[in-house]
Amino acid sequence: MTFETLIFEKRNNYAIVTLNRPDKLNALNKQLFDDLAEIVNHVENANDIYALILTGSGEKAFAAGADIKELNACDSATGKVFSKYGSDLMARLENLSIPVIAAVNGFALGGGCELAMSCHIRFASDNAKFGQPEVNLGIIPGYGGTQRLTRIIGKSMAMELIISGNIINAEEALRLGLVNHVYPQAELLSKTEEFVNAILSKAPLAIKAAVAAINKAEDLTLENGLELESQLFGETCGTDDFKEGTNAFLEKRKAVFNAK
Ligand code: COA
């Protein structure tokens, strides 16, 4: 699969998507969203992709936000459409049933930070910078920043970052829980792939069920969330992988899963 603004690379059983507008610090334009939507369509229907990594090309940026040139043309009616277009796509990414991991290799500002937050896990390079600087442009975050940043780092810090437009470095992002790990830039992708390979040695259907359950945790009451968990737990007990995993333990051997 080839795209104007993205590089799609399929490895054995996972894929890497690289945002590829380095001369514009991988700013998110309409074409990039269209390309990403095509990849999400593909991944939703693929039965041989069990994890997705998102990263940026170049050493400077993951993504420096929505494309300000395109944004500049918005008025109040088209601005809402502009926001929903990116926001809906990021929600689809978040709702993929496979783990989606952002390898944030530089600036993740505005829409770039929001795209990283729509991934399930974020790893960052030591030069990464995060922020929601939209107030400098006379707008607020439009791709989920007010909602996801608040859920990830809490109301008070999200409020501070969004109303100040302050940019934070990778260490601060780690301290706030916005990223899971920080690595030297040269190691970021290999460390991310190492993590993905470790996940993919586990039972794939169990991982999908865990992603689905955790994704719903914030939307459900505890009672309904526990009900969903029991439902999905039961479903995993009906898989071949469950029999294999438990038999392998009892037979003191390594399990070989086949996603069935
Ligand atoms: N949209 C469109 N183009 C962008 C962009 C964006 N969000 N961010 C960077 N670019 C472009 C610049 O216009 C420049 O293009 P040019 O060479 O054709 O002029 C190129 O990317 C390099 O950016 P530049 O600003 O020269 O790099 P820098 O190292 O001096 O500064 C940033 C880096 C990230 C601090 C700066 O680019 C910036 O503030 N970007 C906007 C961040 C933002 O407000 N994002 C939220 C958008 S909603």
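**Figure 1. The lining of the largest pocket, with helix α9 as its main contributor.** In this predicted model, α9 supplies six residues to the lining of the largest pocket, and this is the largest share. The pocket has a volume of about 700 Å³, and among the 24 residues that line it, E94, H120, I214, N215 and E218 are the closest to its centre. The elements that contribute two or more residues to this lining are α3 (76–94), β7 (121–125), α5 (145–153) and α9 (204–217). By residue type, the lining is made up of 11 nonpolar, six polar and seven charged residues. Because domain 1 (6–200) and domain 2 (204–250) both give residues to the lining, the largest pocket lies between them.

**Figure 2. The second largest pocket and the residues around its centre.** This pocket holds about 380 Å³ of space, and its lining consists of 22 residues, of which A66, L71, E134, I139 and I140 lie nearest the centre. Two or more lining residues come from each of the elements α2 (68–71), α3 and α4 (111–118), and α3 gives the most, with three residues. The lining of the second largest pocket divides into 13 nonpolar, seven polar and two charged residues.

**Figure 3. An aromatic cluster formed by F33, F82, Y85 and Y143.** The count for the model comes to five aromatic pairs. One of the pairs joins F33 and Y143 in an edge-to-face arrangement, with 5.3 Å from centre to centre and 85° between the planes. Since F33 lies in helix α1 (residues 30–45) and Y143 in the loop between β8 (129–131) and α5, this pair ties together parts that are 110 residues apart in sequence. Both F33 and Y143 are buried. The rings of F82 and Y143 have their centres 6.2 Å apart and their planes at 15°, so this second pair is stacked. F82 belongs to helix α3, while Y143 is in the loop between β8 and α5, so the pair ties together parts that are 61 residues apart in sequence. Like Y143, F82 is buried.

**Figure 4. A salt bridge between R21 and D67.** In the whole structure, 12 salt bridges are found, and in this one the side chains of R21 and D67 meet at 2.9 Å, N to O. The pair links distant parts of the chain, as R21 is in the loop between β2 (15–19) and α1 and D67 is in the loop between β4 (61–63) and α2, 46 residues apart. With a relative accessibility of 14%, R21 counts as buried, and D67, with a relative accessible area of 9%, is buried as well.

**Figure 5. A salt bridge between helices α1 and α3.** The closest N and O atoms of E44 and R92 are 2.8 Å apart in this salt bridge. Because E44 lies in helix α1 and R92 in helix α3, the pair ties together parts that are 48 residues apart in sequence. E44 counts as partly exposed at 43% relative accessibility, and R92 counts as partly exposed at 28%.

**Figure 6. A salt bridge within helix α7, between E172 and R175.** The closest N and O atoms of E172 and R175 are 3.0 Å apart. These two residues, three apart in helix α7 (residues 170–176), are separated by about one helical turn. At 24% relative accessibility E172 counts as partly exposed, whereas R175, at 59%, counts as exposed. Separately, E9, R11 and E193 are joined into one network by salt bridges that share partners.

Note on methods: Residues numbered from 1 in each chain as written. Predicted model: local features only at pLDDT ≥ 70, side-chain atom pairs only at ≥ 80, totals over all residues. Heavy atoms only, no water. 1 Å grid on protein atoms, 1.4 Å probe; cavity = no way out; pocket = protein on both sides within 12 Å on 5 of 7 lines; lining within 4 Å. Points joined across faces, edges and corners; volume = space filled by probe spheres on them. Helix = DSSP H or I, 4+ residues; strand = E, 2+ residues; numbered from the N terminus. Nonpolar A, V, L, I, M, F, W, Y, C, P; charged D, E, K, R; others polar. Domains from an automatic or database assignment. Phe/Tyr/Trp six-rings, centres within 6.5 Å; stacked < 30°, edge-to-face > 60°. Buried < 20%, exposed > 50% of the residue type's maximum accessible area, 1.4 Å probe, protein only. Salt bridge = Lys/Arg side-chain N within 4 Å of Asp/Glu carboxyl O.
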